[in-house]
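Reader: I am new to this structure and would like to understand the reasoning behind its description. May I ask about the terms as they arise?

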Amino acid sequence: MINDYDKFAKERQEQLKKGEKRPHRFIEKPMMRELLPDLTGKKVLMLGCGTGEEKLILEKYSPKKLVGLDLSEKSISIAKKS
């Protein structure tokens, strides 16, 4: 199967919400925030957006528009709800 992400999307999202993915929570996302340029009024394309956890971070930086793309239709469905 080319795309196993659909199978695990909901479980992964729940783990992220609960803070169970420690490297994600304490290393990856803080580093991402540190490296972000000024997004105010800009259009942002999120490639491999997954279930949308970055969307919640990026919204705080006042972009004009956020667009997410992912191979997993299930992940996109979850991201649209968040």
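Author: A salt bridge is a side-chain nitrogen of Lys or Arg within 4 Å of a carboxyl oxygen of Asp or Glu. By that criterion, this predicted model holds two salt bridges.

Reader: What makes the contact of Glu54 and Lys29 a salt bridge?

Author: The N to O distance between the side chains of Glu54 and Lys29 is 2.2 Å, and the limit is 4 Å. This pair links distant parts of the chain, for Glu54 lies in helix 3 and Lys29 in helix 2, 25 residues apart. Lys29 also meets Glu28, at 3.0 Å from N to O. Through shared partners, the salt bridges join Glu28, Lys29 and Glu54 into one network.

Reader: Why is Lys29 called buried?

Author: Buried means under 20% relative accessible area; Lys29 has 5%, and is therefore buried. Glu28 has 42%, which lies between the limits of 20% and 50%, so Glu28 is partly exposed.

Reader: Why is Ser62 called partly exposed?

Author: The same limits apply: Ser62 has 43% relative accessibility, and so counts as partly exposed. Ser62 is found in the loop between helix 3 and strand 2, and its phi is near 55°, a positive value in a residue other than glycine. Most residues other than glycine have a negative phi.

Reader: How do you know that the buried residues Ser75, Ile76, Ile78 and Ala79 of helix 4 are on the same side?

Author: These residues cover an arc of only 165° around the axis, which puts them on the same side of helix 4. The face turned away from that buried side carries the exposed residues Glu73, Lys80 and Lys81.

Conventions:
Residues numbered from 1 in each chain as written. Predicted model: local features only at pLDDT ≥ 70, side-chain atom pairs only at ≥ 80, totals over all residues. Heavy atoms only, no water. Helix = DSSP H or I, 4+ residues; strand = E, 2+ residues; numbered from the N terminus. Buried < 20%, exposed > 50% of the residue type's maximum accessible area, 1.4 Å probe, protein only. Arc of directions from axis to C-beta.
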